[in-house]
Amino acid sequence: GHGIAQRILAEAIDELGIRNKVIAIAPVGCAVFGYYYWNFDTAEAPHGRPPAVATGIKRVLPNRVVITYQGDGDLAAIGGNEILHAANRGENITVLFINNTCYGMTGGQMAPTTLINQVTTTTPQGRSQSDDGWPSKVSELIASLPGTAYVERVSLHSPGHINKAKKAVKKALEIQLQNKGLSLIEFLSMCPTGWKITPLESLTHIKENLIKDFPLGVYKDL
């Protein structure tokens with residue numbers, strides 16, 4: 001789903017006419033290849049640290065539109081502390097969060113978002129609640145913090161949902177332009193390689209399984 005998410009971000013930026021103002025930060029992981037495809041300024045951050053890098057850039061260059069583009073291993077695991085504090089401070093940045101319930105680039109290991117009973121390379125018998133805890137609900141958590149202005153969970157499994165996702169991204173960018181605080185868009189995204197199923201099956205998996213654990217919708221809108 002990365003190609004879809006990156007395309008709709010680019011389309012939203014062009015529709016708003018802000019390409020010359022954008023700086024995107026991508027970390028180690030599948031997200032890092034964004035700079036191959038985007039025709040605007042980008043910076044690379046250590047794994048989990050895009051919110052910290054974005055904070056520094058936005059405070060030095062407050063008139064720029066600063067975006068982080070992060071996966072679940074990055075944002076919810078290694079960078080969990082970073083996103084919590086950036087959101088709690090109300091940093092005026094836009095966070096795009098790709099949730100494919102695994103570490104996609106490094107071998108399909110369990111992530112904080114991995115579903116109960118989901119098989120990964122580090123949970124060959126399936127994720128166990130007693131051993132591994134529950135899947136992290138990032139949108140719900142970030143929405144509870146006073147510094148956030150807009151939080152929405154969208155999906156990339158069908159054309160209709162992709163259109164809704166683009167509207168959410170565009171709104172998040174507009175909120176940053178209005179200096180209202182941090183926005184986060186969570187994308188439910190396919191990872192057929194990590195899930196060890198076909199691309200078509202991965203779309204069905206989102207529809208029938210992921211959305212049950214991660215309900216779509218707006219979780220905060222000031």
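1. Helix H5 and its surroundings. In this predicted model, the buried residues of helix H5 are covered by elements that include helix H3 (50-60), helix H4 (72-78), strand S4, helix H7 (138-143), strand S5 (148-155) and strand S6 (182-188). The buried residues in question are Gly 80, Ile 83, Ala 86 and Ala 87, in a helix that runs over residues 80-89. They cover an arc of only 140° around the axis, which means that they lie on the same side of H5. A general rule helps in reading this pattern: an α-helix has 3.6 residues a turn, so residues three or four places apart point the same way.

2. The end of H5. The helix is followed by Gly 90, whose phi is positive, near 75°. For comparison, most residues other than glycine have a negative phi.

3. Two positive phi values outside glycine. Thr 101 has a phi near 60°, which is positive although the residue is not a glycine, and Lys 196 likewise has a positive phi near 60° without being a glycine. Thr 101 sits in the loop between S4 and H6, while Lys 196 is placed in the loop between helix H9 (192-195) and helix H10 (199-213). Is each of them buried or exposed? Thr 101 counts as buried because its relative accessibility is 0%, under the 20% cut-off, whereas Lys 196 counts as exposed because its value is 65%, over the 50% cut-off.

4. Gln 118 in its loop. Gln 118 belongs to the loop between strand S4 (94-99) and helix H6 (129-132), and with a relative accessibility of 10% it counts as buried. Its side chain reaches the backbone nitrogen of Leu 115 at 3.0 Å. If residues up to four places away in sequence are left out, Gln 118 touches Thr 101, Thr 123, Gly 126, Arg 127 and Trp 195. One of these partners, Thr 101, is the residue with the positive phi discussed above.

5. The cavity. The structure holds 1 cavity of 30 Å³ or more, and about 160 Å³ of space lies in the largest cavity. Which residues lie nearest the centre of the largest cavity? They are Gly 29, Cys 30, Gly 71, Gly 73 and Gly 104, out of a lining of 17 residues. Helix H4 gives the most to this lining, with 3 residues, and H4 is also among the elements that cover the buried residues of H5. By type, the lining residues of the largest cavity divide into 7 nonpolar, 8 polar and 2 charged.

Notes
Residues numbered from 1 in each chain as written. Predicted model: local features only at pLDDT ≥ 70, side-chain atom pairs only at ≥ 80, totals over all residues. Heavy atoms only, no water. Helix = DSSP H or I, 4+ residues; strand = E, 2+ residues; numbered from the N terminus. Buried < 20%, exposed > 50% of the residue type's maximum accessible area, 1.4 Å probe, protein only. Polar contact = N/O pair within 3.5 Å; in protein donor to acceptor, adjacent residues only side chain to side chain. Contact = heavy atoms within 4.5 Å. Arc of directions from axis to C-beta. 1 Å grid on protein atoms, 1.4 Å probe; cavity = no way out; pocket = protein on both sides within 12 Å on 5 of 7 lines; lining within 4 Å. Points joined across faces, edges and corners; volume = space filled by probe spheres on them. Nonpolar A, V, L, I, M, F, W, Y, C, P; charged D, E, K, R; others polar.
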